[in-house]
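Reader: Please take me through one part of this model closely. I would like the open sheet of four strands first, and then whatever helps to place it.

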Amino acid sequence: MEKKTACSGCDLLIELPNKVPFSTKLCCPRCHHTLTRGHKNALDYTLAISISCLFLLVFSLSFNFLSFESNGQFREIMLFETTLELYQKKFYFLALLVCLLTIVFPASYLLLLLTILVPVKFQTLFSRSQTTAAKHPIYIMRMLNRLAPWIMVDVFLIGVLVALIKMWSLATLSFGISFWSYVIFVLMFSYVLYCADQQKLFHWVRNDH
Amino acid sequence: MTIKYSQGSAAASDLSCCKICAQLNDAALVKCQYCGENISLRTPFSIQKTLALLLASMVFYVPANLYPIMNTTVLGAQVESTILSGILLFLDEGAYFVAAVIFIASIVIPLSKMLAIIWLCICVSSSKSIKHQELTKLYAVTEFIGKWSMVDVFVVAILVALIQVGNLMVISPGLAAISFSIVVILTMLSAQSFDSRLLWDKAER
C-alpha cells in the first residue's frame with residue numbers, strides 16, 4: 001500500500017512507500033527535502049532511548065555539573081544553578097529562557113513522546129476507548145511538532161565548551177559527573193529526534209487504530 | 001485573483017496538505033479532516049509575517065550590540081563588555097579560535113540569517129523568475145542555523161553561574177543578553193513563518 005501525500009517543502013504530490021529500507025533516506029524528488037528515514041526497529045529504539053534520556057536528564061540535574069578553581073577559591077555548580085543564578089540576579093526572562101530551552105522543553109518532549117509510544121507499543125495492555133484514542137495522540141503530536149525547533153540541548157553543550165575555553169587562562173575548570181551524563185543525553189536526544197520524525201510518528205499512530 | 005501553483009503540486013490539483021499529519025485534504029476545507037489542524041493551500045500572509053518579525057528582530061539587534069552583554073567585577077572594579085569588545089579582547093590575547101567562534105555565532109550568523117530571509121522574500125515577491133534549488137537550500141540552511149546563535153546567551157548564563165568567587169570576581173549578565181536572545185527568538189519565528197512552497201510556485205529561471 002502506498003500513501004499519497006505532499007512534500008512539506010515544496011508541495012509536490014508524492015507517493016510514499018509503506019516500507020522504507022534500513023538506513024536509506026527518503027527525499028522529495030524535486031526539492032530534496034528529507035521526508036523520512038528507514039530504520040529496522042524505530043519504535044523499540046525510540047522508546048528505549050527516550051526512557052534512558054529521561055533517566056540521564058534526571059541524573060544530570062542531581063549532581064555537580066562544572067567546577068571552577070582559581071587562587072585557592074573553589075566553586076561547584078549544578079546544572080539547574082545556571083537558571084537559579086540568573087533568577088537571583090533578577091534577570092527573570094533569561095532565567096526562564098535557559099530553563100525552558102535546556103531542561104523543560106526536552107523533558108516535556110520526551111514525556112509527551114512516551115505517552116504516544118507506550119500505548120502504541122503495548123496496545124493490548126491499554127485497551128482504550130475508541131473516542132479518546134482518536135483525539136488524544138493528535139493533540140500531543142501537534143505539541144511535539146511545535147516543541148521540536150525550540151529544543152536547544154546541543155546548543156547549550158557548545159555553550160558550555162565555549163565558556164570553558166573563555167575561562168581557560170583564568171582558572172582551572174573541570175567537568176562534573178553530570179556534565180558527562182548531559183553529553184550522553186544530548187547525543188541520545190539527537191538520535192530520538194532523528195528516529196521519530198513526523199512521518200514515522202503518524203505511521204505508528206495510524207496503525208494503532 | 002489568480003495564483004498559479006507549481007506543476008504537480010498538491011495545490012494545483014485542489015488538495016491541501018496538512019503540515020502536522022501530512023494528510024491530503026480537499027482545498028475547500030479549513031481544518032484537516034484527520035487531525036483538525038488549520039490548513040490552507042499556502043500559509044496566509046507568509047511574506048508579511050516573515051518581514052514583520054524580521055524587522056522586529058533588527059530593532060532588537062541594535063541594543064544587543066550597543067549595551068554590555070556581560071559585566072565582570074574583579075576586586076570591586078567593574079568591566080563592561082559588549083559583544084564586539086569581547087571579540088577584540090580575545091584577538092588581543094591571541095585566542096583566535098575563541099574569537100572566531102564568538103564572531104561567527106553572534107555576528108556572522110544573525111546578520112547572514114537576516115540577509116538570507118530578506119533575499120528570499122525579495123525573490124518570492126519579485127516578478128522575475130527565480131532559481132528554485134539554490135533558494136530552497138538557502139532556506140534550509142537559514143532554518144538550520146537559527147538556534148545556534150543562542151550559544152552566546154548560554155555562555156553568559158554558564159559564566160554567571162560559575163564565576164562567583166565572593167568579592168574577588170563576579171560576573172553578571174547585561175541588557176544585551178536579553179535583547180540578543182529576543183533577536184534569536186524573533187529570527188527563528190521569522191524563518192518558520194516563511195512558506196518555502198511559495199518558492200516553487202514561481203517560474204524557474
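Author: The sheet comes first, then the other chain and the contact between the two.

The model is predicted. In chain B, 4 strands form an open sheet. Their order is S4-S3-S6-S5, and the pairing is antiparallel. Strand S4 (77-81) and strand S5 (164-165) of chain B stand at the edges. Each has a single partner strand, so one side of each is left without a neighbour in the sheet.

Take the pairs in sheet order. Strand S3 (residues 70-74) of chain B pairs with S4(B) in the antiparallel sense, over 5 bridges. Thr73(B) has Gln78(B) in S4(B) as its bridge partner. S3(B) and S4(B) form a hairpin with 2 residues between the strands. Leu75(B), in that hairpin, takes a positive phi near 50°.

Next is the pair of S3(B) and S6(B). They run antiparallel and are joined by 5 bridges. Here Val74(B) stands opposite Met169(B) in S6(B).

The last pair is S5(B) with strand S6 (residues 169-173) of chain B. It is antiparallel too, over 2 bridges. Val165(B) stands opposite Met169(B) in S6(B). Met169(B) therefore has a residue opposite it in S3(B) as well as in S5(B): Val74(B) and Val165(B).Now chain A. There are 7 helices and 7 strands in this chain. From the N terminus on, the elements run β-β-β-β-α-β-β-α-α-α-α-β-α-α. Along its principal axes, the C-alpha trace of chain A spans about 70 × 40 × 30 Å. The chain is divided into domain 1 (1-38) and domain 2 (41-208). The C-alpha centres of these two domains of chain A lie 28 Å apart.

Chain A has an open sheet of 3 strands, in the order S6-S5-S7, with antiparallel pairing. S6 and strand S7 (172-175) of chain A are the edge strands, and each pairs on one side only. From one strand to the next, the twist averages 15°. S5(A) and S6(A) run antiparallel and are joined by 6 bridges. Within that pair, Leu66(A) has Ile77(A) in S6(A) as its bridge partner.

Two helices of chain A pack against each other. Helix H2 (residues 81-88) and helix H3 (residues 92-121) of chain A do so at an angle of about 170°, with their axes 7 Å apart. That angle makes H2(A) roughly antiparallel to H3(A). Their crossing is left-handed. From H2(A), the residues in the contact are Thr82(A), Thr83(A), Leu86(A) and Tyr87(A). They meet Tyr92(A), Leu94(A), Ala95(A), Val98(A) and Cys99(A) in H3(A). By class, the contact of H2(A) with H3(A) has 7 nonpolar residues, 2 polar and no charged.

Last comes the contact between the chains. 44 residues of chain A are in contact with 45 residues of chain B. Several elements of chain A give two or more residues to this side, among them strand S1 (3-6), strand S5 (64-70), strand S6 (73-78), H2 and H3. Helix H4 (130-147), helix H5 (153-167) and helix H7 (198-208) of chain A are also included. H5(A) gives the largest share, 9 residues. The side of chain A that touches chain B has 26 nonpolar, 10 polar and 8 charged residues.

Methods: Residues numbered from 1 in each chain as written. Chains lettered and ligands numbered in written order. Predicted model: local features only at pLDDT ≥ 70, side-chain atom pairs only at ≥ 80, totals over all residues. Domains from an automatic or database assignment. Pairing = 2+ DSSP bridges. Axes fitted to C-alpha atoms, helices over the stretch in contact; angles between N-to-C directions. Parallel < 35°, antiparallel > 145°, perpendicular 65-115°, else oblique. Left-handed = near helix turned anticlockwise from the far one by under 90°. Contact = placed C-beta atoms within 7 Å. Nonpolar A, V, L, I, M, F, W, Y, C, P; charged D, E, K, R; others polar.
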